[in-house]
Structure formats: structure tokens, C-alpha cells
Amino acid sequence: MHAYRSHTCAELNKSNVGDNVRLSGWVHRVRDHGGLLFIDLRDHYGITQVMADPDSPVFAEIEKVRSEWCIRIDGNVMARDESLINPKIPTGEIEVFIRDIEVLGKADELPLMVFGDQEYPEETRLKYRYLDLRREKLQNNMKLRSDVVASMRKRMWDIGFREFQTPIITSSSPEGARDFLIPSRLHPGKFYALPQAPQQFKQLIMVSGYDKYFQIAPCFRDEDPRADRSPTDFYQLDLEMSFVTQQDVFDTIQPVIAGVFEEFGGGRKVDSDWPQISYRDAALWYGTDKPDLRNPIKMQVVSEHFRGSGFAIFAKLLEQEGTEIRAIPAPGGGSRKFCDRMNAFAQKEGLPGMGYIFWRLKELPEEAKNDPDHPLSKLAQEQFEADKQRKLSFESDPEGLLSYESRVYISEPVEYYHEAAGPLAKNIGLERTEQLRVQLGLGSGDAAFFLAGKPKAFEAVAGRARDEIGRELKLIDEDRFAFAWIVDFPIYERDEETGKVDFEHNPFSMPQGGMEALEGDPLEVLGYQYDLSCNGYELVSGAIRNHKPEIMFKAFEIAGYGKDEVEKRFGGMVNAFKYGAPPHGGCAAGIDRIVMLLADEANIREVIMFPMNQRAEDLMMGAPNEPMNEQLRELHLRVIPQD
């Protein structure tokens, strides 16, 4: 028999009854049933119940065993009584009577329990990550991650890609984050860098004549951590292709990503229609370039309804150049209580609040019912016709709580109207509130919230408010993966304080229109750059590359970088482009975020085996730490003491 096991802890079943077996694993839990000792023995594959009574020759040794001891047992497989069968595990029909035991590794008192679902502080979990990783949820997450990577690799090979590796130690390259620098021992005073991405190398592979490339690439960026971002390193499915258009890249990567989500999404719906939304429209409609399309709310510009209105705050603001008013429709949110909650949300986000209007169905007064020329009677008839035209339905609902879908048309003669309520409605009047309602497609039981100013100053908050409204009103389809390509990113932006034009997005993207576009207004230049969003997360980013040196020099010149500086920073790639570079493009998909979504986790650290904490520290290994003096001398470095 093997030194440690004849079977794993997930293999034994009723067909093994009577067999002598050997198992090794960890003591998941111990139960003492008055002279009968039961141990759930766990390994990577599953759990087997093993047991002993005083007749076992090693009963006294078994009594000493504690949680998370690593042990080997020999014993006989026995069938469980029908009433004791556990259908939840593959080995639930049997148990093993222990005849011999060997303790392979004792465990000290545990800082966190592996059995059960107790919550522990993240600092404890990361310091003792090897224990945390023994827990069922983490085991499943890491198996999922491994399976996703294997599936990606297979899918890429199946469509004709080959996998090549690019260097880990290279030169510094500005790609949107801080580099991790590595001092050179052989070249004192000079530094290597860990690659933020294989960007330049994968382009050089295309210049080298390899038509398609991919790799599961480690990337290193010194960034501030977020729930969906590691502060040090991450992995991506990186790919590049020659002689392709933007649409070719989309058509290549979509089946790979969709296939992974279909394979590992647990039966959740995976959208097959991936709309292409311009960056500017995404900012307007959703307040972000990574929208969650499970939320049906679209924001709209409503400035004209407030220009010159009685609401002086908005009216005066619109007199300033570059300002506008945007509305967030809230179907089903038409109650004062809900509006007050959202106002409080805006204040937590640092705004004074959000203006709002909500509509409720109101019965016409008798004088209006009997007088077709009465202002309210006219309004009611206009509303009815407009709603009928828009196929909007509604019914009498004094509380304004009915769902958008449940309303029905009222029949003529019209006896009800949508009454606009709230401070804004009183200030801008009946006509303007009605124009707003019609534009936003709202009715009784609905609301709208308003933000004002220069869009860049409030778009992010508006996007978060849209998300919050969607969650609060239960408009989001949780059982779905909704994808969207965000396209037409502007290459440049102007700093409002200095007036200087600089890159807003990827400087290596090919400008739409090529050199001719760069001769015009730089703020109008769009790049062949694209992102893929899913459920509010950016999953993929890529571009058709700028492969022509003269266009690259011009693009950088507009942002204030001279030819000498470009050649100094990107000399290897620029020189390569002088020797017959093909048109090429590609993208990179964030593996950590993909697995996070598939595992239904809100924090990326739950799907990374050994993550850093939120201060970019490895509490388990004690990194970062102070180098030894000998190391510093060898590298010709000196640490400057901090004040």
C-alpha cells in the first residue's frame, strides 16, 4: 500500500465496503458521541467520515487528535445505516473504522477556524493565509481560477493562437501607473522595471512577423488598492494580432470571454448582444466608462427645461460655459421617503444633495372634470395622449408605490393626471415639469433626480447614484452577465488650470483619421481604443496600435513630448517601427476580475491565492521589509531616513 493513501477523501463509496484503505488529510472536526469518536477527515478533494470506538487498537491516540492536525489512518470501509447517510457529500454512504493512525503534523491553537463560516478580520486571514486557504470557499475559488485559466488557454489554442512569454525584468515604461523599479548590481545607478503590461513586447512580436500571440501575463503596477484591484500585481489574458481592425479584435475575444462565462457562470444568463457604446455616450448615460447594463436606467441632459426657469440655482449655473443639468430617471421611486434617502446618499458622496421631482396620480377636481378648458383638464388630456403615444401605462396609486410594469391605462373620460411634487416642481412650474416627465418617459409612482455643473465634476457621483437607485428599486437583474464595448475614447484632454493638452487615454492608440486628424483640434481626436465592461467592472482593455513613427511623433508632440524624448522612452519600439511594422492591435482581459465575477465575490482578494492587504503589505511573509546593509552596498544604494 502507498505510504500515505490508497484513496482520496472523496473517492470511497458503497462499492468499497469491506476494503482495507489508507487515507491522509486534515482533521476537519471531531465529534465525541459518548465513547464513539467521529472525525471528518478532509483533503483537497473532499471529506470522509472516519470513526473509532474503544475496541480500536489506537483509540487512546485518536482521543488526542485536534482540529487541523494532519494525519494518516488505516481502516475498514463500512456502510452507514440508512438513517445516517449524508447525501450532501460523495462519501456519504460509508465511513471508515480506524485500525491505525499516524500523526503527520500537529497543529497549534488555531488563530482562525477552518471548519464553519465564521468571519475573521482580513488582517488575520492574510497573516495566516495558508489556514484561510484551507476553507471550502477559498478552495473552490482557487479551483475555479485554475479552471478558468485552463479554459482560456484551450480556447486560444483552438482558434489558432500560440503562447509566447515576454520578459519580467525590463525597462520602465509609462502606462498609467507607477513602476516597481529594480536596481542593477552590474550597472550601478541604473534600474530595471517590472512590466506594467507586456505592451511594447507584444507589439514587437507582431513586428517580428508572428501573426497571433497570447499569454497569461503577470503585470506589476504600484497602485492604490480598490476592492476590484490589487495594489501590486495581477494577471491578464494578453493577446495581439496583425492585419486586424477593431471589429476583428472584438470578434476574436468575444467567443472566448462568453464561453468562459457560459462554462463557469453557474447557469446565469450570458448576454449574446454586446452593444458598442461611445465613451461620451457612456459618460452621459451611465456616468462611467464601465457601465452595469443590468440596470436599465439611462441618464439624460435636461438643461433646456431649467434654463431661465424659476429655480435660480440651476438657471444661473447654466449661464456659465460648459455646464449642464442631467436627470437620473427612477421608475418606481416616486415617494418622498425614497427621494429623501437618495438625497442623503448624495450628501454622503460630498454633494449638497440632489434635486428631485416625483409624480403621483391625482384625481381631477370636479371643476376640471366638468370644464375641458380648465388648465388641469387640458393637462390631464395631454398627458393621457402623450402616455398613450409612448405606451406608458398607469393607474390610481395614491402612495406612488406601484412597479413600472404593473400600471394599466385609465379609460376615457380622463379623470386623473400626473401631479409633479417636490421643491423643484414648485419652482419651475407645471409646463416645464410636464416636459421633463414626457422626455424621461415617466409617470405616477416615478421620480427623477438632477445634478448640475460641469459634467466631469459630477459624472462619477451621478454614476454611483444611478447604481444606488437601481439597487434600491430592485431594477438590476442579478442573474445575468451584461457586456458592453466602450469605444471612441478621446486621446487628449485639456487641463483647465494650465490650458495644456495632454493624453487622456492610451498614447499608443492609432488616432481615428490618422495624421489628418492630428492636424485639427486635438480635443476632437478619437482613438481606436476600447474597453469591455461587464456588470459594472472593466474586464478588457485594448487598442489598434499606432504603428507609424511619423504619426506617433506627431501624437506625442501635441501633448508636449519632443521627438528626442519619445525615442529615449520608447526607442526599442520606435526603431522597430522603421523596419516594416504591420498594422496590429489586441487587448488584455483581467483574469482576477473575471474570476471575481464568476465566483460572485465583491473583493478581488477572495480570488487571489496570496494577496497583499490594503496597504500593499504581505503580512504572511513580512513584505516589504528592510534590506540588509550588504545588499544595499552591493547595489550601490543608500536608504534616506524618513522624517
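Mentor: Before reading any detail, take the confidence of this predicted model: the mean pLDDT of the chain is 91, and 95% of its residues reach 70 or more.

Trainee: Over which residues does pLDDT stay under 50?

Mentor: The general idea is that where pLDDT is low, the predicted coordinates should not be read in detail. In this model pLDDT stays under 50 over residues 392–411, and although the model has 45 contacts beyond four places in sequence for that stretch, those contacts call for the caution just described.

Trainee: Let us turn to a strand, then. Which strands are joined to β3 by bridges, and in which direction do they run?

Mentor: Strand β2, residues 37–42, is joined to β3 by six bridges, and the two run antiparallel; the connection between β2 and β3 is a hairpin of four residues. Strand β5, residues 94–105, is joined to β3 by two bridges, and that pair runs parallel. To find these pairings in the structure, begin with F38, whose bridge partner in β3 is M51, and then go to V50, whose bridge partner in β5 is V96.

Trainee: Why is β3 described as largely enclosed by the rest of the structure?

Mentor: A general point about side chains helps in looking at it: in a regular strand they alternate between the two faces of the sheet. For β3, which covers residues 47–52, the description holds because five of the six residues are buried.

Trainee: Where does T91 lie, and is T91 buried or exposed?

Mentor: T91 lies in the loop between β4 (70–79) and β5, and since buried means under 20% relative accessible area, its value of 0% makes T91 buried. The side chain of T91 reaches the backbone oxygen of I47 at 2.5 Å, and I47 also appears among the residues that T91 touches, together with C9, A10, E11, L12, T48 and R80, when residues up to four places away in sequence are not counted. Sequence separation and distance in space should be read side by side here, for T91 and Q49 are 42 residues apart in sequence and 7.9 Å apart in space, C-alpha to C-alpha.

Trainee: What does the side chain of R135 reach, and is R135 buried or exposed?

Mentor: R135, found in the loop between α3 (129–132) and α4 (136–158), is buried, with a relative accessible area of 9%. Its side chain reaches the backbone oxygen of Q118 at 2.5 Å, and, leaving aside residues up to four places away in sequence, R135 touches L112, M113, V114, G116, D117, Q118, Y120 and R125.

How values were computed. Residues numbered from 1 in each chain as written. Predicted model: local features only at pLDDT ≥ 70, side-chain atom pairs only at ≥ 80, totals over all residues. Heavy atoms only, no water. Buried < 20%, exposed > 50% of the residue type's maximum accessible area, 1.4 Å probe, protein only. Polar contact = N/O pair within 3.5 Å; in protein donor to acceptor, adjacent residues only side chain to side chain. Contact = heavy atoms within 4.5 Å. Pairing = 2+ DSSP bridges. pLDDT = per-residue confidence, 0-100.
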